[in-house]
Each structure stands twice: as structure tokens, then as C-alpha cells.
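I opened my notebook to look up how the parts of this chain fit together. My entries follow in the order I made them.

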Amino acid sequence: MKNTVLSLMKMKETGDKISMLTCYDYSTARLMEDAGVNMILVGDSLGNTMLGYPDTLSVTMEDMIHHGAAVVRGCKDIFVVVDMPFMSYQTSVYDAVVNAGRLIKETGCNAVKLEGGAAVKEQIKAITDAGIPVVAHIGMTPQSVNAFGGFKVQGKSEAQAAQILQDAYDVQEAGAFMVVLECVPAKLAALISEKLAIPTIGIGAGEGCDGQVLVYQDMLGMFQDYVPKFVKHFANAGEMMVKAFKDYDQEVKAGTYPTEAHGFKIDEEIIEKLKEK
């Protein structure tokens, strides 16, 4: 069944949990489609996982469009959300609508995501008024890493917790149909999830959210630079890949791959004639 804004909202109402994973390419999207995942986030985390940047700040609109379009081509039923990169929406409401429109038109995705609470209410409202579904993102917002002084849990003090709750109300009122809660205390995330009419998606926000999202390289053990506390390895694909690469390297160097079974035949008579030329 095709996942839509309405079907995802219905899952919130019925208490069915929503699954979301990041994805950045066609072949991985096809596998996630086969697995029955509800949502894909083409995250600006591709700056870390795919492009080797230390953070997400260097990611461009062109990066997001390139990867987003590839993912959409691999999806049939999954609901695809594409991140709006740093400075594609903060500069003005006009820029936010134009760039959100570009992501929808040039990738074919179903919704866009942008970071921030009260500070981006006007952008969210304008984008949704243009007919584009918006996923909000509050708590630890990676594009604000410099302002936060690093990747740190948000909402542990009373003042911070109150601000995050207000941000949640603000993005819902502005028109977001879903909100990601990143690196906030589990009880705070559960409270926000109870109070909001729209679904919450947690990442490092505990089990009380309406759904969960993880970076797929993290959950498969493929990204070795650092492993956040909230990540569970559902497979050690990274180890399997290293072993396969080593086996390939050794067989090529030993001359044991390829064999005759991996090749294509030609009439020997043709080869004999070519030798005479």
C-alpha cells in the first residue's frame, strides 16, 4: 500500500508505529521498498556518510537533488522526504518556498524537511501554503551544530525542555504534518508525542515517539567514524563488506578470479584467423 500524508497520520491515530530510514541511492531504495519501510529520508547526513564532510553544513541543493532523484526512482510505495540543506531556507521565506519547490519538482519526492522550531514558522507556513508537505525537525538540529557547541542532547533543563515543547506546538500550528525529535530525553519526547496531533519520529528520543528513523549506514555497521549512543546494529554489513573486498583483492592478485566460468566464449576459428592478421 502506498504511504501518504493521510496514511501516516492515520498510523498516529491508530497507534501503529512508523518506520523511517535514510537513503541516498537507487539500489538501496529498492531494497528498502522490498522490506516494507514506510518512509525514506534523503537526509543531508549524506554529507557525512556519502561525501565525507565532518558535518552537514557543506551540503548543497544540487547534492540533495542529485541523491533525492535517484532514491525516488527506486521507490513505489515508500513516502520519500528530502532534506532542505543549510541556508536553502534560513535566508528568507521566498527562498524557502523556491527551494522547497525545486526539491519537489526536480526529485519527485513527497515532502521536504527543514530544521528549527519557532524560528522557521513562517517558512513552514509558506511552504505548506504552496501545497508542499513539510516535516519539521527540532531538538538537536545538526545544521546548528556550531551554535550548540557540538552534537549534544537538547532539552535536559526545564527551560530547554519548555522551548522544545513550544517549538513542537509552533511547527504543528505552522502546518507541518510530522516532526522529527532528535537527541532529546525520552520522557520529553513521549510527552510531546502525546500532546501533538501530528506524528513524531524519534532519533535518539526513546520509544515513546510515533516512529523512528536511523541513518542506514549506522544501523548496518557501515559507518565507522563514530557510532551514536542511540544506534543499534541490526547487521554487521560493514564487516561483511570488508571481508568481501579482501577476498576479491586476494583472488584477483592470485589469479584465481575470474575463471573460465565467468567468461564468454568465441569460436576458436575466429581467434585463429585473428592471429594471422
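**Entry: H5 against H6.** I looked up which residues meet where helix H5 touches helix H6. From H5 I noted Val93, Ala96, Val97 and Ala100. They meet Glu122, Gln123, Ala126 and Ile127 in H6. I sorted the residues of this contact by kind: six are nonpolar, one is polar and one is charged. The model is predicted, so I keep in mind that side-chain atom pairs count only at pLDDT 80 or more.

Next I looked up the geometry. H5 covers residues 93–107, and its axis comes within 9 Å of the axis of H6. The two axes cross at roughly 45°. That angle makes H5 oblique to H6. I also noted the hand of the crossing of H5 and H6: right-handed.

**Entry: H6 against H8.** I then turned to the contact between H6 and helix H8, residues 158–174. At what angle do H6 and H8 pack? I read about 25°, with the axes 8 Å apart. Angles under 35 degrees count as roughly parallel. H6 and H8 are therefore roughly parallel to each other. H6 passes H8 in a right-handed crossing.

On the H6 side I listed Lys121, Ile124, Lys125 and Thr128. On the H8 side I listed Asp170, Val171 and Ala174. This contact of H6 with H8 divides into three nonpolar residues, one polar and three charged.

**Entry: Thr128.** I picked one residue of H6 to follow, Thr128. Which residues does Thr128 touch, leaving aside neighbours within four places in sequence? I found Val134, Ala174 and Gly175. I also checked a distance. Thr128 and Glu207 are 79 residues apart along the chain, and their C-alpha atoms are separated by 29 Å.

**Entry: the barrel.** I traced the strands next. Eight of them close into a barrel, in the order E1-E2-E3-E4-E5-E6-E7-E8, with parallel pairing. From one strand to the next the twist averages 25°. As a reminder to myself, strands of a sheet pair through backbone hydrogen bonds, either parallel or antiparallel.

I zoomed in on one pair. Strand E3 spans residues 79–83 and strand E4 spans residues 111–115. How many bridges join E3 to E4? I counted three, and the two strands run parallel. Opposite Val82 I found Val112 in E4.

Then I went back to H6, which covers residues 121–129. H6 lies across E4 and strand E5, residues 134–139. H6 runs at about 165° to E5.

**Entry: aromatic pairs.** I looked for paired aromatic rings, and the count came to three pairs. One of them is Tyr24 with Tyr216. Their centres are 6.1 Å apart, the planes differ by 35°, and the pair is tilted. Where do the two rings sit? Tyr24 is in the loop between strand E1 and helix H2, while Tyr216 is in helix H10, so the pair ties together parts that are 192 residues apart in sequence.

**Entry: backbone exceptions.** Most residues other than glycine have a negative phi, and most peptide bonds are trans. I looked up two departures. Met87 is not a glycine, yet its phi is positive, about 70°. I found Met87 in the loop between E3 and H5.

The peptide bond from Tyr257 to Pro258 is cis, and its omega is near 0°. Pro258 has its place in the loop between helix H11, residues 237–254, and helix H12, residues 268–275.

Conventions: Residues numbered from 1 in each chain as written. Heavy atoms only, no water. Pairing = 2+ DSSP bridges. Helix = DSSP H or I, 4+ residues; strand = E, 2+ residues; numbered from the N terminus. Axes fitted to C-alpha atoms, helices over the stretch in contact; angles between N-to-C directions. Contact = heavy atoms within 4.5 Å. Parallel < 35°, antiparallel > 145°, perpendicular 65-115°, else oblique. Left-handed = near helix turned anticlockwise from the far one by under 90°. Nonpolar A, V, L, I, M, F, W, Y, C, P; charged D, E, K, R; others polar. Phe/Tyr/Trp six-rings, centres within 6.5 Å; stacked < 30°, edge-to-face > 60°.
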